[in-house]
Amino acid sequence: MEREEIDIFLAGAGPAGLIAAATFAAEGFRVLVADPGPKPGPAGRGDLRSTAFLRPAQALFERIGLWPALAPLATPLDGLRIVDLAGEPPTVRTERLFAQASAGPLGWNFMNDSLRGAVLAHLERQPGVEIAWGCGFAALVNRSTEVLIRLTDGRRLRARLAVAADGRASPMRDAAGIELSVTRYGQKALAFAVSHPVPHDRISTELYLDGGPFTMVPLPDAGGVPASAVVWMNPGPRATELAALPPEPFAAEATRRSGGLLGPLELLTERALWPVVSQRARALTSGRVALIAEAAHVLPPIGAQGLNTSVMDIAALAQSMAGQPDPGAAAVLARFEASRSRDIAARAIAIDLFNRVTRSPDRLAQELRQIGLKLVHDVAPIRRGLIRAGMGPPGQDA
Ligand SMILES: Cc1cc2nc3c(=O)[nH]c(=O)nc-3n(C[C@H](O)[C@H](O)[C@H](O)COP(=O)(O)OP(=O)(O)OC[C@H]3O[C@@H](n4cnc5c(N)ncnc54)[C@H](O)[C@@H]3O)c2cc1C
């Protein structure tokens with residue numbers, strides 16, 4: 001069978017793979033994306049997570065012409081409220097608001113399914129992009145001038161660069177021989193959506209108590225009532241117990257854990273359970289293979305860092321290959337590796353530390369949490385620097 005020639009092969013049509021395809025196509029490269037899953041229908045794949053994109057991600061979407069397709073689906077986030085709770089039932093101990101109204105929103109929140117649908121519709125209008133659904137990456141041969149790819153349906157390709165966006169279990173990472181370091185925390189994150197009588201005022205709220213954060217990120221109103229996406233981290237057994245509760249007692253537990261700040265919460269969706277892990281590939285490249293997104297790093301869902309970090313990988317790879325005839329050349333991939341590895345490591349270390357301190361029931365850790373929150377907010381240069389960086393303090397919405 002003849003091998004098809006393309007510039008870039010992308011494994012994985014998750015949110016990162018689709019955004020990468022749009023970005024690389026905007027640089028003028030021919031891209032083929034393969035994903036073993038079926039093409040998502042109008043209702044998506046039932047992903048109950050939402051993603052709060054921060055300013056650097058939005059700037060990339062503007063640059064590649066994707067933002068007009070996304071903007072109508074976004075809930076702008078004008079601020080971030082961090083609340084420290086204590087006691088039983090939990091009540092507010094310290095509260096701080098991070099906002100910079102004059103500079104526009106801090107971020108934009110999307111339900112993952114609607115995000116993917118909009119990026120997909122955009123890609124269908126790009127002539128240089130093909131998406132093969134229902135067949136995945138199977139094998140590769142990494143050569144100095146090209147990478148040979150075989151897909152699970154037997155299709156054979158010849159690409160100049162192969163990009164792994166095939167998720168946390170990344171078959172392409174394994175095929176490229178790149179090792180992984182993994183930290184398990186024994187925690188699980190529950191993701192679901194709720195309605196509530198008190199308006200969110202486009203402010204994302206993070207509530208800290210031991211066990212992990214409880215984060216409420218604004219969504220568009222549901223049936224005329226304010227709504228939010230929630231990520232609630234807990235020790236694994238407690239999370240499993242909560243996931244098994246009937247909707248009403250579950251909503252009562254969630255209301256209690258939220259300190260009642262937005263009034264009684266009502267469950268709008270199913271609940272999804274995600275194991276909380278930190279994973280980092282030991283290298284981002286091998287020959288003509290590059291790893292991005294969860295194939296390269298998985299972070300606990302704290303601080304909206306996951307997909308935002310992935311978008312920075314995509315922007316860096318695009319920048320390294322811009323104007324180059326060969327997107328998989330050694331110099332291109334060396335630039336990519338150098339520009340991303342330190343930032344990924346720094347984020348992973350910061351979130352790991354933050355998670356260990358905030359989940360701890362230890363009194364000292366609880367005091368540290370409160371002092372850290374006051375310091376980050378009340379010292380103006382630190383606060384302004386964090387907002388300008390579009391990151392928020394560690395612990396921004398997840
Ligand atoms: C509860 C929760 C809340 C979160 N909130 C935020 C947030 O607010 N902000 C943020 O930035 N991040 C957030 N994250 C992180 C973010 O959701 C993830 O980083 C992101 O969804 C992962 O996208 P991905 O495309 O890397 O991987 P995936 O979505 O896992 O996609 C991988 C794709 O690869 C495909 N695949 C598998 N095998 C193969 C193969 N052999 N060949 C080809 N394709 C293959 C799969 O079918 C899948 O479609 C959150 C995470 C969690 C758990």
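**Reasoning from values in a predicted model**

The residues of the shell around the ligand divide into 19 nonpolar, 10 polar and 5 charged. The model is predicted.

Visitor: Which residues of the shell are the closest to the ligand?

Guide: Among the 34 residues that surround the ligand, the closest are G12, G14, G136, G167 and G306. Elements that give two or more residues to this shell include α1 (15–26) and β12 (180–195). The largest share, 4 residues, comes from α8.

Visitor: How do you know where the ligand lies with respect to domain 1 and domain 2?

Guide: Domain 1 (4–44 + 113–182 + 278–352) and domain 2 (71–110 + 185–276 + 360–388) both give residues to the shell, so the ligand lies between them.

Visitor: Why is R288 called buried?

Guide: A residue is buried if 20 or more other C-beta atoms lie within 10 Å of its own. R288 has 28 such atoms within 10 Å, and therefore it is buried. R288 lies in the loop between β18 (285–286) and β19 (289–291), and its contacts include N142, R160 and G328.

Visitor: What makes D201 count as exposed?

Guide: The cut-off for an exposed residue is 12 or fewer C-beta neighbours. D201 has 11 inside 10 Å, so D201 counts as exposed. Its place is in the loop between β12 and β13 (203–208).

Visitor: Is A293 buried or exposed, and how do you know?

Guide: A293 is buried, because 28 other C-beta atoms lie within 10 Å, where 20 or more suffice. A293 also has a positive phi of about 55 degrees although it is not a glycine. Most residues other than glycine have a negative phi.

Notes
Residues are numbered from 1 along each chain as its sequence is written. This is a predicted model: local features need pLDDT of at least 70, side-chain atom pairs count only at pLDDT 80 or more; totals for chains, interfaces and linings use all residues. Two residues are in contact if their C-beta atoms, placed from the backbone, lie within 7 Å. A residue is near a molecule or strand if its C-beta atom, placed from the backbone, lies within 6 Å of it. Ala, Val, Leu, Ile, Met, Phe, Trp, Tyr, Cys and Pro count as nonpolar, Asp, Glu, Lys and Arg as charged, and the others, Gly among them, as polar. Domain bounds come from an automatic or database domain assignment. Lists of a residue's contacts leave out its neighbours within four places in sequence.
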